Amino acid sequence: MSDTPLLRASEVVAGYVPEVNILNGCSVDLYDSELVGIIGPNGAGKSTMLKAIFGLIPVRSGEVTLRGSDSDTPTVDITDMKAHRLVKQGVGFVPQTENVFSTLTVKENMEMGAFLEPDMVEERFERVCELFPRLGERAGQTAGSLSGGERQMVAMGRALMMDPRVLLLDEPSAGLSPAFQDEVFVNCRRINSAGVSILMVEQNARRCLQVADRAYVLDQGVDAYTGSGKELLEDPKVIELYLGTLARGLVD
Ligand SMILES: Nc1ncnc2c1ncn2[C@@H]1O[C@H](COP(=O)(O)OP(=O)(O)OP(=O)(O)O)[C@@H](O)[C@H]1O
Ligand SMILES: [Mg+2]
């Protein structure tokens, strides 16, 4: 365990259109073994933050750093580092949409996930199947023919094929029925317990705060509130502004 965050994004400013910033100095830390949630209203910049961390949009100011893989390796500045290099550094990303190759089989999706390390495919696929036995059962089926929840498992499994230290997940439970949503949160916890630190954006704020060690509320491109999942669930301001009717269910 180290005092230095595994992943640190500090004061990130980024956007899509020149001179229009979506992130206005947004900071997020992820420590070893943590599961950290990012919640906030639609359009707050949650997906943009993950894209900025993963080098998919330029960081206009601020920096992103990743701690080295052992105590001899210093912290690396990964600001604007391209995705394929980040994957080699142990960072995986599951985007919000279009996160599987639907015409490929489950197994082929997994092979794509480990294309940088083809020799590791069989061993890693076995480990992914231990986490998600259904992927083993459906190995020969095309990803497009799977249920939404199963497709989400394929997307996460594919990211796990590179054996990441850090996994960035954008709304893994979106569009799923309540039962499947629950399964996603359980799976995230399971992946986390297997040693992968997770930074997870979630629309299902209440559930996210329940499973997260810590969380951030993003609003208008800044980290407006932070605390443990429990603290945020009980914070009257967070309840009033961001949890709304969802929070009322908590006192039931
Ligand atoms: N490719 C893009 N080009 C231009 N503007 C974009 C692009 N993607 C997102 N934006 C804008 O950036 C802002 C933040 O979008 P972002 O997708 O980060 O929000 P979010 O917090 O993930 O929202 P949601 O909860 O709806 O997923 C929005 O105003 C959006 O319109
Ligand atoms: Mg989003």
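**From a strand residue to the packed helices**

Set aside the neighbours within four places in sequence, and Ser 10 is in contact with Ser 27, Gly 62 and Glu 63. Those contacts come from a predicted model. Ser 10 sits in strand β1, which runs over residues 7–14. It has 15 C-beta neighbours inside 10 Å, so Ser 10 counts as partly exposed. Now look along the chain to Leu 176. It is 166 residues away from Ser 10, and the two C-alpha atoms are separated by 32 Å.

Move on to strand β4, residues 59–66, where Thr 65 is found. Thr 65 is also a partly exposed residue, because 18 other C-beta atoms lie within 10 Å. Its contacts, leaving aside neighbours within four places in sequence, are Arg 8, Thr 75, Val 76, Asp 77 and Ile 78. Gly 140 is another matter. Thr 65 and Gly 140 are 75 residues apart in sequence, and their C-alpha atoms are 39 Å apart in space.

Two loop residues deserve a stop. Glu 19 is in the loop between β1 and β2, the latter being residues 23–30. Its phi is near 70°, a positive value in a residue other than glycine. Glu 171 lies in the loop between β7 and α7. Here phi is near 55°, again positive in a residue other than glycine. Which of the two labels, buried or exposed, fits Glu 19? Glu 19 has 6 C-beta neighbours inside 10 Å, so it counts as exposed. Glu 171 has 23 such neighbours inside 10 Å and therefore counts as buried.

Next come the helices. Helix α1 covers residues 46–53 and is mostly covered, with seven of its eight residues buried. The buried ones are Lys 46, Thr 48, Met 49, Leu 50, Lys 51, Ala 52 and Ile 53. Just after α1, Gly 55 takes a positive phi of about 70°.

Helix α3 has its buried residues at Val 106, Asn 109, Met 110 and Gly 113. They cover an arc of only 100° around the axis, which puts them on the same side of α3. The spacing has a general background. An α-helix has 3.6 residues a turn, so residues three or four places apart point the same way. What covers the buried residues of α3 includes α4, α5 (133–137) and α6.

Take Asn 109 of helix α3 as an example. Asn 109 counts as buried because it has 23 C-beta neighbours inside 10 Å. Not counting residues up to four places away in sequence, Asn 109 touches Val 100, Phe 101, Leu 104, Ala 143, Val 154 and Arg 158. Ser 145 is 36 residues from Asn 109 along the chain, and their C-alpha atoms are separated by 13 Å.

How do α3 and α6 meet? Two packed helices are described by the angle between their axes and the distance between the axes. Helix α3 (residues 106–113) and helix α6 (residues 148–160) pack at an angle of about 35°, and their axes are 7 Å apart. The crossing is right-handed. On the α3 side, Val 106, Asn 109, Met 110, Met 112 and Gly 113 make the contact. On the α6 side, Val 154, Gly 157, Arg 158 and Ala 159 do so. By type, the residues of this contact divide into five nonpolar, three polar and one charged.

The tour ends at helix α7, residues 178–193. How far should its 16 residues span at 1.5 Å a residue? The expected span is 22 Å, and the end C-alpha atoms are 23 Å apart, which agrees. Gln 181, Val 184, Phe 185, Cys 188, Ile 191 and Asn 192 are the buried residues of α7. Their arc around the axis is only 125°, which puts them on the same side of α7. The face turned away from this buried side carries the exposed residues Ala 179, Val 186 and Ser 193.

What do the buried residues of α7 pack against? Their partners are β3 (35–39), α4 (121–131), α6, β7 (166–170), β8 (197–201) and α8 (205–211). Helix α6 thus appears here and in the packing with α3. Just after α7 comes Gly 195, with a positive phi of about 105°.

Definitions and conventions. Residues are numbered from 1 along each chain as its sequence is written. Chains are lettered from A and ligands numbered from 1 in the order in which they are written. This is a predicted model: local features need pLDDT of at least 70, side-chain atom pairs count only at pLDDT 80 or more; totals for chains, interfaces and linings use all residues. Axes are lines fitted to C-alpha atoms, for helices over the stretch in contact, and angles run from 0 to 180 degrees between N-to-C directions. Helices (H or I, at least four residues) and strands (E, at least two) are DSSP runs, numbered from the N terminus. A crossing is left-handed if the near helix is turned anticlockwise from the far one by less than a right angle, and right-handed if clockwise. Two residues are in contact if their C-beta atoms, placed from the backbone, lie within 7 Å. Ala, Val, Leu, Ile, Met, Phe, Trp, Tyr, Cys and Pro count as nonpolar, Asp, Glu, Lys and Arg as charged, and the others, Gly among them, as polar. The expected span of a helix is 1.5 Å times one less than its number of residues. A residue is buried if 20 or more other C-beta atoms lie within 10 Å of its own, exposed if 12 or fewer, and partly exposed in between; C-beta atoms are placed from the backbone. The arc is that of the directions from the helix axis to the C-beta atoms.
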